[in-house]
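Trainee: Could you take a close look at one part of this model for me? I'd like to hear about a helix and what sits on its surface.

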Amino acid sequence: LGASTSALTTGIATCAEGQLATSEEISRASGDINGIADETAEGMTEAFSAIHELSGMARELRDVLEKL
């Protein structure tokens with residue numbers, strides 16, 4: 001009974017270590033995903049601003065061409 005309990009305890013400890021390592025890996029991956037999402041949102045904001053600026057420039061060009 002003692003050897004069996006010891007083996008079970010060792011097995012449980014090993015599994016717990018594996019679960020901890022997996023949880024830490026998931027946590028790191030979640031942090032990476034959040035960072036990528038933040039960068040993507042920032043890029044989309046910059047793209048929106050550039051598109052808005054280009055749209056204004058296109059209107060100005062159209063106005064100039066209409067006057068010619």
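Mentor: Sure, let's start with Glu-39, which lies in helix H1, residues 2–67. Keep in mind that this is a predicted model. Glu-39 counts as exposed because its relative accessibility is 60%, and the cut-off for that label is over 50%. On the surface, Glu-39 gathers with Asp-38, Glu-42 and Glu-46 in a patch of negative charge. For the charge background, the protein has 12 negative side chains and 4 positive ones, with the centres of the two sets 17 Å apart.

Now slide along to Val-64, which also has its place in helix H1. Val-64 is partly exposed, at a relative accessible area of 47%. Together with Leu-61, Leu-65 and Leu-68, Val-64 makes a nonpolar surface patch of about 440 Å².

Zooming out, the secondary structure of the protein comes to one helix and zero strands. The radius of gyration is 29 Å, well over the 11 Å that the globule rule gives for 68 residues, so the protein is more spread out than a compact globule. The C-alpha trace tells a matching story in numbers: about 100 × 10 × 5 Å along the principal axes. As for burial, 1% of the 68 residues count as buried. The protein exposes about 6000 Å², and carbon and sulfur atoms supply 64% of that area.

How values were computed. Residues are numbered from 1 along each chain as its sequence is written. This is a predicted model: local features need pLDDT of at least 70, side-chain atom pairs count only at pLDDT 80 or more; totals for chains, interfaces and linings use all residues. Side-chain values use heavy atoms; hydrogens and water are left out. Patches are made of residues with over 30% relative accessible area and no salt bridge: like charges are joined within 9 Å, nonpolar side chains (Val, Leu, Ile, Met, Phe, Trp, Tyr) within 5 Å. Accessible areas come from the Shrake-Rupley method with a 1.4 Å probe; for residues, only the protein chains shown count as cover. A salt bridge is a side-chain nitrogen of Lys or Arg within 4 Å of a carboxyl oxygen of Asp or Glu. Lys and Arg count as positive and Asp and Glu as negative; His and the chain ends are not counted. The place of a charge is taken as NZ of Lys, CZ of Arg, CG of Asp or CD of Glu. Helices (H or I, at least four residues) and strands (E, at least two) are DSSP runs, numbered from the N terminus. Buried means under 20% relative accessible area, exposed over 50%, partly exposed in between (1.4 Å probe, protein chains only). The radius of gyration is taken over C-alpha atoms; the globule rule is 2.2 Å times the number of residues to the power 0.38.
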